[in-house]
Amino acid sequence: TIYCESEEEIDDWDGYFGWAGENTVYWGTTGLHGSTTNGFEWVQNCDDTLRIVKYTGSSTSLIIPETINDYAVADIEEKVFSKCNSLLSIEINSCGKIGYRAFEECNRLNSITIGKNVSSIGNYAFYNCKSLTEINFYASNCADLGLYSYCFDYAGNDKNGITVTIGKNVEKIPAYLFYVGDSAKAHNITNIIFEENSSCVNIGN
C-alpha cells in the first residue's frame, strides 16, 4: 500500500514507478491508518478527516460512524462494501463522499439511507443490489451525477419494487441519480414519496 499527499495521480506515475500498478495507492493521505473492532479499516486524509478503505465485518445492519478516534469520517473509498452479502441495511449520515462501486452487488441489501451530508455519489455505487426495496434520500446538497453514473442499475430486480422517499429538506434531486442508460439494466423503482412539507423545487435530468 502506498500513501501519497498529492490529491491526484502524478503524471506518468506508472512510467516512473512501474511497480505502482501492483499496489493500492491512496491519494491525498498522510499515511496514518488503522482499524476498528467492528471491521472498518481507515486512512487519514491530508485535511485530518478519515477515509474508510475496507470493511472486514459481518454486520447485517450498519451505520457509517460520524467519527473514528475523534476524527470525522469524510469518505467511503471505492469498492469498500462491494459484494458484502451480510449487509441488509446501511445508513450513511455524516459521510460526504460515497465512492465508485462502493456497495455494488450487495445481494441481500434491502434498505439504504443516504443522509443529509452526502455530497457526492460515485458511479455504480449501488449497482446490481438486487434485493433493494427501500431508498431514503436526505442529501440536501448532493452534486449532480454524470450521464454514465448508473448508480442504481439492476437494483431491486429480485423483489417486488423499490420505494424511494425524498426527505423534506431536499430542494433538488441530483441529475442522473436514478438514470438508466439501457432498459435491460433498469432498476425496479415503483414508488416515490415526498415527505410532508417537502421543499423540493428541482428534479435533475
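**Start inside**

Select E104, which counts as buried because its relative accessible area is 8% (buried is under 20%, exposed over 50% and partly exposed in between, with a 1.4 Å probe and protein chains only). Now add R101, which is also buried, at 18% relative accessible area. The two side chains meet in a salt bridge, with 2.7 Å from N to O (the cut-off is a side-chain nitrogen of Lys or Arg within 4 Å of a carboxyl oxygen of Asp or Glu). Side chains of opposite charge can pair when their charged atoms come close.

A word on what's on your screen: this is a predicted model, in which local features need pLDDT of at least 70 and side-chain atom pairs count only at pLDDT 80 or more, while totals for chains, interfaces and linings use all residues. Residues are numbered from 1 along each chain as its sequence is written, and side-chain values use heavy atoms, leaving out hydrogens and water.

**Zoom out**

Switch to cartoon and show the whole protein. You'll find one helix and 17 strands (DSSP runs numbered from the N terminus: H or I of at least four residues for helices, E of at least two for strands). The radius of gyration is 17 Å, close to the 17 Å that the globule rule gives for 205 residues, so the protein is as compact as a globular protein of that length (the radius is taken over C-alpha atoms, and the rule is 2.2 Å times the number of residues to the power 0.38). Along the principal axes, the C-alpha atoms fill a box of roughly 50 × 35 × 35 Å. Color by accessibility and you'll see that buried residues make up 44% of the 205.

**More salt bridges**

The structure holds four salt bridges in total. Next, select K83 and E105, a salt bridge whose closest N and O atoms are 3.9 Å apart. This pair links distant parts of the chain: K83 sits in the loop between β8 (71-76) and β9 (89-92), E105 in the loop between β10 (97-98) and β11 (111-114), and 22 residues separate them. K83 counts as exposed because its relative accessibility is 53%, whereas E105, at 22%, counts as partly exposed.

Stay on K83 and check its backbone. Its phi is near 60 degrees, a positive value in a residue other than glycine. Most residues other than glycine have a negative phi, and most peptide bonds are trans.

Then select K172 and D144, a salt bridge with its closest N and O atoms 3.0 Å apart. Here too the pair links distant parts of the chain, 28 residues apart: K172 is in strand β15 (residues 172-173), and D144 is in the loop between β13 (134-137) and β14 (162-166). Both ends are partly exposed, with K172 at 32% relative accessible area and D144 at 43%.

**Along the β13–β14 loop**

While you're in that loop, select Y150, which is placed between β13 and β14. Y150 isn't a glycine, yet it has a positive phi of about 45 degrees. At 16% relative accessibility, Y150 counts as buried.

L147 lies in the loop between β13 and β14 as well. It is partly exposed, with a relative accessible area of 32%. Add Y148 and Y179, and turn on the surface: together with L147 they make a nonpolar patch of about 290 Å² (areas come from the Shrake-Rupley method with a 1.4 Å probe, and for residues only the protein chains shown count as cover). Patches take residues with over 30% relative accessible area and no salt bridge, joining nonpolar side chains (Val, Leu, Ile, Met, Phe, Trp, Tyr) within 5 Å and like charges within 9 Å.

**The negative patch**

Keep the surface on and select E7, E8, D47 and D48, which form a negative patch. In the count, Asp and Glu are negative and Lys and Arg positive, with His and the chain ends left out; each charge is placed at NZ of Lys, CZ of Arg, CG of Asp or CD of Glu. E8 sits in the loop between β1 (2-4) and α1 (13-16). It counts as exposed because its relative accessibility is 60%.

**Two distances to finish**

Draw a line from I90 to S111: 21 residues apart in sequence, they are 6.5 Å apart in space, C-alpha to C-alpha. I90 belongs to strand β9 and is buried, with a relative accessible area of 1%.

Now try K97 and N107, which are ten residues apart in sequence and 22 Å apart in space, C-alpha to C-alpha. K97 is in strand β10, and at 43% relative accessibility it counts as partly exposed.
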